[in-house]
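Q: Could you take me through one part of this model up close, and show how the helices around it fit together? I'd enjoy a connected account rather than a list.

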Amino acid sequence: MNIRKILFLCALLGAFLMTFVILPPDTLSLAGIKTHQQTLLSHVDHAPLRSALIFFALYVAVSALSIPGAAVLTLLGGALFTLWEGTVLVSFASTLGATLAMLASRYLLRDWVQRRFARQMATVNAGMARDGAGYLFALRLMPLFPFFLVNLLMGLTRITVRRYWWVSQLAMLPATVIFLNAGRELGKVASLRDILSLGVVFAFTLLGLLPLVTRRLFSRYLPADKK
């Protein structure tokens, strides 16, 4: 293992320890953020920049380490910041965290991911070979496909970091805005199921499949001399 991999591993372990030391128990739950909401709002009012940086760093750590709670943190972002502030913070933090998780899979966890998710990896490889970045876009928009699993599996593909970043950021943006907007009425949210209703899940799935379906229709029906 070269020095870069060692430093990267140390950084991930440090982030993991920091997250669990700093966060009070049960913070990354819906009940937990409701309990601490007023205290956190007070901190944001007194130190907005520092609060935003702490929120950003925490979100990156949670996303990079695949710790359950990113959806709850997005709701909290909606409760603490304006919609545009929350969108910037969450969009870039979630994408950075996802990219770090992908790189960890590519350089540190490759053998384990290949053994543990061999069947899923075959499906992803086929999808990437057929549809390229459009396949990643579709996976990101499907709420039923686990966020952490996309990161792990994409780390074993040949997708470049730059393409992985911008496709992920674009595809995760709709859900980010929906959760942030719901966080503005945090007290009325009883469950995450209240936000991701069956209709919303279906709409996201259709949106994710649209580029793939369109590409296949063009490929199938467009005359060869016009392709």
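A: Let's begin with a term: two residues are in contact when they have heavy atoms within 4.5 Å of each other. With that in hand, among contacts in the chain between residues at least 6 apart in sequence, 82% join residues at least 24 apart. Please keep in mind that this is a predicted model.

A little background before the close-up. The chain has 11 helices and 0 strands, and its pattern along the sequence reads α-α-α-α-α-α-α-α-α-α-α. Of the 227 residues in the chain, 43% are buried. The chain exposes about 13,100 Å², with carbon and sulfur atoms supplying 67% of that area.

The part I'd pick for a close look is helix H4, together with the helices around it. H4 spans residues 70–80, and 9 of its 11 residues are buried, so the helix is largely enclosed by the rest of the structure. Those buried residues are Val-72, Leu-73, Thr-74, Leu-75, Leu-76, Gly-77, Gly-78, Ala-79 and Leu-80. What do they pack against? Their partners are helix H2 (30–46), H3, H5 and H10.

Let's take H3 to start. Two packed helices are described by the angle between their axes and the distance between the axes. For H3 and H4, the angle is about 165° and the axes are 10 Å apart. Angles over 145 degrees count as roughly antiparallel, which means that H3 is roughly antiparallel to H4. Their crossing is left-handed. On the H3 side, the residues that meet H4 are Phe-55, Leu-58, Tyr-59 and Val-62, while H4 brings Ala-70, Leu-73, Thr-74 and Gly-77. By class, this contact has 6 nonpolar and 2 polar residues, and no charged ones. Leu-73, Thr-74 and Gly-77 thus appear twice in the picture: they are among the buried residues of H4, and they are also among the residues that meet H3.

Between H3 (48–64) and H4 there is a loop, and Ser-66 is found in it. Ser-66 is not a glycine, yet it has a positive phi of about 55°. Is Ser-66 buried or partly exposed? It counts as partly exposed, because its relative accessibility is 33%. Ser-66 and Ala-101 are 35 residues apart in sequence, but their C-alpha atoms are 7.6 Å apart in space.

Now for two other partners of H4's buried residues, H5 and H10, which also pack with each other. Their axes come within 8 Å and cross at roughly 140°. That makes H5 oblique to H10, and H5 passes H10 in a right-handed crossing. The residues of this contact divide into 14 nonpolar, 10 polar and no charged.

One residue gives a good view of H5: Thr-95, which is found in that helix (residues 83–107). Thr-95 is buried, with a relative accessible area of 0%. Leaving out residues up to four places away in sequence, Thr-95 touches Trp-165, Ser-168, Gln-169 and Met-172. With Ser-168 in particular, the separation is 73 residues in sequence and 6.4 Å in space, C-alpha to C-alpha.

Following the chain back from H10 (161–183) brings us to the loop between H9 and H10, where Leu-156 lies. Leu-156 counts as buried because its relative accessibility is 11%. Apart from neighbours within four places in sequence, Leu-156 is in contact with Ser-105, Arg-110, Val-113, Gln-114 and Met-121. The C-alpha atoms of Leu-156 and Asn-125 are separated by 8.8 Å, with their positions 31 residues apart along the chain.

H9 (residues 147–154) has a packing partner of its own, H8 (residues 133–141): their axes come within 9 Å and cross at roughly 160°. That makes H8 roughly antiparallel to H9, and H8 passes H9 in a right-handed crossing. Tyr-135, Leu-136, Leu-139 and Arg-140 in H8 meet Phe-147, Val-150, Asn-151 and Met-154 in H9. By class, that contact has 6 nonpolar, 1 polar and 1 charged residues.

To return to where we began: H4 is largely enclosed, with 9 of its 11 residues buried, and those buried residues pack against H2, H3, H5 and H10.

Definitions and conventions
Residues numbered from 1 in each chain as written. Predicted model: local features only at pLDDT ≥ 70, side-chain atom pairs only at ≥ 80, totals over all residues. Heavy atoms only, no water. Axes fitted to C-alpha atoms, helices over the stretch in contact; angles between N-to-C directions. Helix = DSSP H or I, 4+ residues; strand = E, 2+ residues; numbered from the N terminus. Parallel < 35°, antiparallel > 145°, perpendicular 65-115°, else oblique. Left-handed = near helix turned anticlockwise from the far one by under 90°. Nonpolar A, V, L, I, M, F, W, Y, C, P; charged D, E, K, R; others polar. Buried < 20%, exposed > 50% of the residue type's maximum accessible area, 1.4 Å probe, protein only. Areas by Shrake-Rupley, 256 points an atom, 1.4 Å probe, with all protein chains shown as cover.
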